[in-house]
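Q: I have this one open at the bench. Walk me through it, starting with the backbone.

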Amino acid sequence: MTAMPIQRHIDLTPYNTFAVAAVANYFAPVAGRDDLRAVLDGAGDRSRLILGGGSNILFTRDFDGLVIKNEIRGIRVVREDHDHAWVRVGAGEDWDGFVRWTLRHRLYGLENLASIPGAVGASPIQNIGAYGVEVGDCLEAVETIDLTSGAPRCYQASECALGYRTSIFKQPPRDRYFITAVTFRLSKTARLVTRYADVARAIEGLDPADLDAEMLSDVIRHIRRSKLPDPDELGNAGSFFKNPLVAPDQFAALVAGHGDMPHFSEPDGPVKLAAGWLIEQCGWKGRRVGACGVYPRQALILVNYGGARGEEILALARDIAASVKSRFGIDLETEPRII
Ligand code: NAP
């Protein structure tokens, strides 16, 4: 494989779904381990930033170091038994393209995660989740290269410290491990998760025996299209804030003042609140501030109406978090990585 040269002064607008302008001093697309080795040999001690689909990042400044763009491809069944198949996927594959691949091959478990923008390599970092399913439910292993030593290291799912939209790969030092491939354990029999209200409403009246994974995936695509902006049309990075988890006693105090507050709890666990609802209550839904704003159909999503700078979007996010803190006493945590 011929190593790609390291490029200079690259505009990152096409490489982040917020579509904000930022310049990478050095930029290297990497399509395999040999490319990566060559890039690291030529990179010296420059600071590094690993980029996949750019769907969970907000650039608030130019990046002086080296951006390594993961473009490692390939989808392969590596093992199979009567009930399951283990599928190894290059980290640079498009996530939704992979979900469609699983359905074409009658392998199940990821159908609720249809239509999420981004790359496969980012999916365990964030432990992406939607409509009652998380990547961690099907994750087998994550292959990485340690960028400090160049050595490969494979993490089994149990070693990834997966949590609510988090994993070991989100902990410092960030950008030490370059994810090259992810292996998923998928089922040959679909077990459909339909408990989220939007999904249950959309399939109401349908005989459960008539619902299959492809249909459920189409239902979810339809719901997402109706509520979420397409990053190709309107810059955004999906949910900008995580849903806060609060202790049961804090929740009891909150609900005394706000009886209609949506909440979800596991027995003996913290109570999950809907960040979008909290933001909406503070009057932000649909508000536009300069070239950015809060999406009118989903208050969790900040959008770039065109030409917004990263700092402007971040300032809006901070104002939103401050009003939620002042009204409810809750600290909102941002989901995308801020550079
Ligand atoms: P929604 O249905 O309006 O519900 C608001 C929040 O309540 C959701 O974030 C969800 O938490 C939680 N929730 C709803 N029903 C639940 C249930 N039966 N059990 C436990 N928790 C429940 O949510 P939405 O904003 O339209 O999003 C729908 C799904 O897509 C959610 O799972 C959401 O996380 C996911 N999504 C993710 C992103 C992203 O960028 N990460 C962007 C858009 C949507 P959970 O978030 O824990 O599911």
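Q: What phi does Arg106 take, just after H2?

A: The phi of Arg106 is positive, about 55°. This is a predicted model, in which local features need pLDDT of at least 70 and side-chain atom pairs count only at pLDDT 80 or more, while totals for chains, interfaces and linings use all residues. Residues are numbered from 1 along each chain as its sequence is written, and side-chain values use heavy atoms, with hydrogens and water left out.

Q: And H2 itself, how many of its residues are buried?

A: Seven of the ten residues in helix H2 (95-104) are buried, so the rest of the structure largely encloses this helix. Buried here is under 20% relative accessible area, exposed is over 50% and partly exposed is in between, with a 1.4 Å probe and protein chains only. Helices (H or I, at least four residues) and strands (E, at least two) are DSSP runs numbered from the N terminus.

Q: Which ones are buried?

A: Trp95, Asp96, Phe98, Val99, Trp101, Thr102 and Leu103.

Q: What covers them?

A: The cover includes strands E6 (75-80), E7 (84-90) and E12, along with helices H3 (122-126) and H5 (213-227).

Q: Take Ser217. Where is it, and is it buried or exposed?

A: Ser217 sits in helix H5. It counts as buried because its relative accessibility is 1%.

Q: What does Ser217 touch?

A: Apart from neighbours within four places in sequence, Ser217 is in contact (heavy atoms within 4.5 Å) with Leu103, Glu111 and Ala114. Leu103 is one of the buried residues of H2.

Q: Back to E12. How many of its residues are buried?

A: Nine of eleven, so E12 too is largely enclosed by the rest of the structure.

Q: Which way do E7 and E10 run against E12, parallel or antiparallel?

A: E7 and E12 run antiparallel and are joined by seven bridges; Val89 has Val182 in E12 as its bridge partner. Strand E10 (139-146) also runs antiparallel to E12, with seven bridges, and Asp146 is partnered there by Tyr177. Two strands pair if DSSP finds at least two bridges between them.

Q: What about the loop before E12? Which peptide bond is cis?

A: The one from Pro172 to Pro173, with omega near -5°. Pro173 lies in the loop between strand E11 (152-156) and E12.

Q: What is the phi of Arg165, and of Asp175?

A: Arg165 has a positive phi of about 55°, though it is not a glycine. Asp175, also a residue other than glycine, has a positive phi near 65°. Arg165 is in the loop between E11 and E12, and Asp175 is placed there as well.

Q: Are those two buried or exposed?

A: Arg165 is buried, at 14% relative accessible area. Asp175 counts as buried, also at 14% relative accessibility.

Q: Changing topic: how much space is in the second largest pocket?

A: About 230 Å³. A pocket is an open set of points on a 1 Å grid over the protein atoms alone, where a 1.4 Å probe fits, with protein on both sides within 12 Å along at least five of seven lines; lining residues have an atom within 4 Å of a point. The volume is the space filled by probe spheres set on the points, which are joined across faces, edges and corners.

Q: Which lining residues are closest to its centre?

A: Tyr108, Gly109, Cys138, Ser187 and Arg191, out of 14 that line it. Strand E12 (177-187) gives the largest share of the lining, three residues.

Q: Now the sheet that starts with E1. What is the strand order?

A: E1-E2-E5-E3, an open sheet of four strands with mixed pairing. Strands E1 (7-11) and E3 (48-51) are the edges, each pairing on one side only.

Q: How do E2 and E5 run, parallel or antiparallel?

A: Strands E2 (23-30) and E5 (63-70) run parallel, joined by six bridges. Pro29 has Lys69 in E5 as its bridge partner.

Q: Last one, Leu51. Buried or exposed, and what does it touch?

A: Leu51, in strand E3, counts as buried at 2% relative accessibility. Beyond neighbours within four places in sequence, its contacts are Tyr15, Ile57, Phe59, Val67, Ile68, Lys69 and Asn70.
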